[in-house]
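Me: I would like to go through this model piece by piece. Please keep the answers short.

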Amino acid sequence: MQVEEAKILLGFSPASRPDPCQVKAAYRKKVWESHPDLFPDDQKLTAESKFKSISEAYSCLESGDVKGRQYSSAGVYSRVVKTGVPRTYASAKRGNPWLIGAPFLLIVLGTIGLGGIKANRAYNQQKQTFPSHNPFLP
């Protein structure tokens, strides 16, 4: 599919240079309007073909390829590097670490506390069952 055809199909003028955000928004809007599940059975085939052409247009514009180069909105050619970590989380720490760690701390302390109670109860029960007359044993 040609880039100009894809732009027209998504609602842009052929001479425009939309941002990736604008392309994504236009794609979502067009997909919502032409999704085959929204139409009755007799119109599903036409809606499905339109849906496929919109998806193809989005994949054509999404890559940003124009003659093998990627372009940005400023017209400067750039290389995209994905790190896997969103910038907001990498640069700014969100949340209080004590509020995040508190439930885990309570779980650990509760487990230790309940384990100690059960061990003490078992020791007392064994002491009652088998009393020792040795003064050096507890």
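**Reading the fold**

Me: Is Ala 6 buried or exposed, and what is its relative accessible area?

Reply: This is a predicted model. Ala 6 has its place in helix H1. Buried means under 20% relative accessible area. Ala 6 is therefore buried, with a relative accessible area of 0%.

Me: How far apart in space are Ala 6 and Tyr 58, C-alpha to C-alpha?

Reply: In sequence, Ala 6 and Tyr 58 are 52 residues apart. In space, C-alpha to C-alpha, the value is 7.1 Å.

Me: Is Ile 8 buried or exposed?

Reply: Ile 8 also lies in helix H1. The cut-off for exposed is over 50%. Ile 8 has 51% relative accessibility, so it counts as exposed.

Me: What separates the C-alpha atoms of Ile 8 and Ala 57?

Reply: Along the chain, Ile 8 and Ala 57 are 49 residues apart. Their C-alpha atoms are separated by 9.2 Å.

Me: In what order do the elements of the protein chain run?

Reply: The protein chain has five helices and two strands. From the N terminus on, the order is α-α-α-β-β-α-α.

Me: Are H2 and H3 roughly parallel or antiparallel to each other?

Reply: Helix H2 spans residues 20-34 and helix H3 spans residues 44-62. Their axes come within 10 Å and cross at roughly 170°. Angles over 145 degrees count as roughly antiparallel. H2 and H3 are therefore roughly antiparallel.

Me: How do the residues of the contact of H2 with H3 divide?

Reply: H2 contributes Val 23, Lys 24, Tyr 27, Lys 30, Val 31 and Ser 34. From H3 come Ala 47, Lys 50, Phe 51, Ile 54, Ser 55, Tyr 58 and Leu 61. They divide into eight nonpolar, two polar and three charged.

Me: Which helix supplies the largest share of the largest nonpolar core?

Reply: This core has 14 residues, and Leu 10, Val 23, Tyr 27 and Leu 61 touch the most other members. H1, H2 and H3 each supply at least two residues. The largest share, six residues, comes from H3.

Me: Which residues does Leu 61 touch, leaving out those up to four places away in sequence?

Reply: Leu 61 belongs to the H3 side of the contact with H2. It is also one of the core residues that touch the most other members. Leaving out residues up to four places away, its partners are Val 3, Ala 6, Lys 7, Leu 10 and Val 23.

Me: What is the relative accessible area of His 35?

Reply: His 35 lies in the loop between H2 and H3. Its C-alpha atom is separated by 9.9 Å from that of Ser 49, 14 residues apart along the chain. His 35 is partly exposed, with a relative accessible area of 26%.

Me: What share of the protein chain do buried residues make up?

Reply: The protein chain has 138 residues. Of these, the buried share is 16%.

Me: Over which residues is the pLDDT below 50?

Reply: The mean pLDDT of the protein chain is 77, and 70% of its residues reach 70 or more. One stretch falls below 50, with 20 contacts in the model beyond near neighbours in sequence. Where pLDDT is low, the predicted coordinates should not be read in detail. The stretch is residues 65-76.

Terms used: Residues numbered from 1 in each chain as written. Predicted model: local features only at pLDDT ≥ 70, side-chain atom pairs only at ≥ 80, totals over all residues. Heavy atoms only, no water. Axes fitted to C-alpha atoms, helices over the stretch in contact; angles between N-to-C directions. Helix = DSSP H or I, 4+ residues; strand = E, 2+ residues; numbered from the N terminus. Parallel < 35°, antiparallel > 145°, perpendicular 65-115°, else oblique. Contact = heavy atoms within 4.5 Å. Nonpolar A, V, L, I, M, F, W, Y, C, P; charged D, E, K, R; others polar. pLDDT = per-residue confidence, 0-100. Core = buried A, V, L, I, M, F, W, Y, C linked by side-chain atoms within 4.5 Å. Buried < 20%, exposed > 50% of the residue type's maximum accessible area, 1.4 Å probe, protein only.
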